[in-house]
Amino acid sequence: MKAEVRLKRLKLVGVPLLHLTLAGIEVGKGGDIRLGTIIVTPDLGSLLSDTKFIRSINVEGITLNVDGY
């Protein structure tokens, strides 16, 4: 299944801890799934290795539109 995904903002932050912030995510043509903010924090020790690890993923503000299902 394929779905359109829109992203309003992508930001790499280094202080106080390196993380990636994704904001304003909408999945589906009508924004059937909306995610306010996703913060992805990598495991710093793995950044220089072949295999990368994620320390944490935090998701805030999930909205599901179930109209028509």
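**Reading a predicted four-stranded chain**

Author: Let us begin with Glu-26, whose relative accessibility of 18% makes it a buried residue. The model under discussion is a predicted one.

Reader: Why does Glu-26 count as buried?

Author: The general idea is a threshold: a residue is called buried when its relative accessible area is under 20%. Glu-26 stands at 18%, and therefore counts as buried. Across the whole chain, 23% of the 69 residues fall into the buried class.

Reader: With which residues does Glu-26 form a salt bridge?

Author: The general idea is a distance criterion, namely a side-chain nitrogen of Lys or Arg within 4 Å of a carboxyl oxygen of Asp or Glu. Glu-26 meets this criterion with Arg-34, at 3.6 Å between the closest N and O atoms. Its side chain also meets that of Arg-6 in a salt bridge, with 2.9 Å from N to O. The latter pair links distant parts of the chain, since Arg-6 lies in strand S1 and Glu-26 in strand S2, 20 residues apart.

Reader: How many salt bridges does the rule give in total?

Author: The count is three. Besides the two of Glu-26, there is one between Glu-4 and Arg-6, where the closest N and O atoms are 2.5 Å apart.

Reader: Are the partners buried or exposed, or do they lie in between?

Author: Glu-4, at 38% relative accessibility, is partly exposed. Arg-6 is likewise partly exposed, with a relative accessible area of 26%. Arg-34 belongs to the partly exposed class too, at 39%. Through shared partners, the salt bridges join Glu-4, Arg-6, Glu-26 and Arg-34 into one network.

Reader: How should one read the order of the strands in the sheet?

Author: In general, strands of a sheet pair through backbone hydrogen bonds, in either a parallel or an antiparallel manner. Here, four strands form an open sheet in the order S1-S2-S3-S4, and the pairing is antiparallel. S1 and strand S4 (54–64) are the edge strands, each of which pairs on one side only. With direction ignored, neighbouring strands of this sheet are turned against each other by 10 degrees on average.

Reader: How many bridges join S3 to S4?

Author: Nine bridges join strand S3, residues 33–42, to S4, and the two run antiparallel. One position to inspect is Val-40, which stands opposite Ile-57 in S4.

Reader: Which peptide bond is cis, and where is its proline found?

Author: The general reading uses the omega angle. For the bond from Val-15 to Pro-16, omega is near 0 degrees, and the bond is cis. Pro-16 is found in the loop between strand S1 (5–13) and strand S2 (19–27).

Reader: What pattern does the chain follow along the sequence?

Author: The pattern is β-β-β-β, with four strands and zero helices. The radius of gyration is 15 Å, well over the 11 Å that the globule rule gives for 69 residues, so the chain is more spread out than a compact globule. Along the principal axes, the C-alpha atoms fill a box of roughly 45 × 25 × 15 Å.

Reader: How much of the contact set joins residues 24 or more positions apart?

Author: Such residues account for 25% of the contacts with a separation of 6 or more.

Reader: What area does the chain expose, and which atoms supply 60% of it?

Author: The chain exposes about 5400 Å², and carbon and sulfur atoms supply 60% of that area.

How values were computed
Residues numbered from 1 in each chain as written. Predicted model: local features only at pLDDT ≥ 70, side-chain atom pairs only at ≥ 80, totals over all residues. Heavy atoms only, no water. Buried < 20%, exposed > 50% of the residue type's maximum accessible area, 1.4 Å probe, protein only. Pairing = 2+ DSSP bridges. Axes fitted to C-alpha atoms, helices over the stretch in contact; angles between N-to-C directions. Rg over C-alpha atoms; globule rule 2.2 N^0.38 Å. Contact = heavy atoms within 4.5 Å. Areas by Shrake-Rupley, 256 points an atom, 1.4 Å probe, with all protein chains shown as cover.
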